[in-house]
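Trainee: Please choose one part of this chain and take me through it slowly, and then show me how the rest is arranged around it. I would like one connected account rather than a list.

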Amino acid sequence: MIIYRRTQQVYMDKLEEASKIAIEQAKIYEELTGKKELVSFQIGGNPRTICRQRMVEMDKLGEDDQKVSADSRWKELEKQHKGVFVDGTMQDEMRYVINTE
């Protein structure tokens, strides 16, 4: 099991819009894969970031991404990122979970 986390900065006046986009993407992800995606923003520090986090099996990561990226609703939401999420600020992180049963 891994934790897959993607964090991206948001323009100063776009946090609400970014949150709505990310929440809609999380709904599509869950519909297509049956798995939850958590959407959050930072308290303190730099609050103008959106983080999306998933718990996934490593061997299913590519399969899930293919399902999601082929969805027309997902593609439309990706187009809405322009002017909301700051280009070049995306950071991906994968962490192996060591205490699963």
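Mentor: Let us start from Ile28, which is buried, with a relative accessible area of 5%, a value that falls on the buried side because the word is used for anything under 20%. Please keep in mind throughout that what you are looking at is a predicted model. Ile28 is found in helix H1, and when residues up to four places away in sequence are not counted, Ile28 touches Asp71, Arg73, Trp74 and Leu77. If you want a sense of distance across the model, the C-alpha atoms of Ile28 and Arg5 are separated by 17 Å, while the two residues lie 23 places apart along the chain.

Now look at Gln25, which also has its place in helix H1. Its relative accessible area is 0%, so Gln25 counts as buried. Leaving aside neighbours within four places in sequence, the contacts of Gln25 are Glu37, Arg52, Trp74, Leu77, Glu78 and His81. Trp74 and Leu77 therefore appear in the contacts of Ile28 and in those of Gln25. As background, an α-helix has 3.6 residues a turn, so residues three or four places apart point the same way.

To see what the helix rests on, turn to the sheet. Its four strands form an open sheet in the order E2-E3-E1-E4, with antiparallel pairing. At the edges are E2 and strand E4 (91-96), each of which pairs on one side only. On average, and with direction ignored, neighbouring strands of this sheet are turned by 20 degrees against each other. Helix H1, spanning residues 15-33, packs on this sheet and touches E2 and E3, and its direction makes about 15 degrees with that of E3.

Strand E3 deserves a longer look. Six of the eight residues of E3 (residues 49-56) are buried, so the strand is largely enclosed by the rest of the structure. Strand E1 (residues 2-9) pairs with E3 in the antiparallel sense over eight bridges; within that pairing, Val56 in E3 is the bridge partner of Ile2, and Arg54 in E3 has Tyr4 standing opposite. Strand E2 (residues 37-41) also runs antiparallel to E3, and the two are joined by five bridges, with Phe41 standing opposite Ile50. The side chain of Arg54 takes part in something else as well, since its charged end sits over the ring of Tyr29, 3.8 Å from the centre of that ring.

On strand E1 you can follow Arg6, which counts as partly exposed at 25% relative accessibility. Not counting residues up to four places away in sequence, Arg6 touches Ile50, Cys51 and Arg52, and also Met90, Gln91 and Asp92. Arg6 and Arg48 are 42 residues apart in sequence, and their C-alpha atoms are 14 Å apart in space.

Helix H2 (residues 61-69) gives you another view of burial, for Leu61, Asp64 and Val68 are buried there. Seen down the axis of H2, these buried residues fall within an arc of 70 degrees, so they line one face of the helix. The buried residues of H2 pack against E1, H1, E3, helix H3 (72-79) and E4, and H1, you will recall, is the helix in which Ile28 is found.

Finally, compare the buried residues with two that lie in loops. Pro47 has its place in the loop between E2 and E3, and at 32% relative accessibility Pro47 counts as partly exposed. Its contacts, not counting residues up to four places away in sequence, are Leu15, Phe41 and Gln42, while Met94, which is 47 residues away in sequence, is 22 Å away in space, C-alpha to C-alpha. Asp13 sits in the loop between E1 and H1 and is exposed, with a relative accessible area of 65%. From Asp13 to Glu78 the distance is 19 Å, C-alpha to C-alpha, across 65 residues of sequence, and Glu78 is one of the residues in contact with the buried Gln25.

How values were computed:
Residues numbered from 1 in each chain as written. Predicted model: local features only at pLDDT ≥ 70, side-chain atom pairs only at ≥ 80, totals over all residues. Heavy atoms only, no water. Lys NZ or Arg CZ within 6 Å of the ring centre and 35° of its normal. Buried < 20%, exposed > 50% of the residue type's maximum accessible area, 1.4 Å probe, protein only. Pairing = 2+ DSSP bridges. Axes fitted to C-alpha atoms, helices over the stretch in contact; angles between N-to-C directions. Contact = heavy atoms within 4.5 Å. Arc of directions from axis to C-beta.
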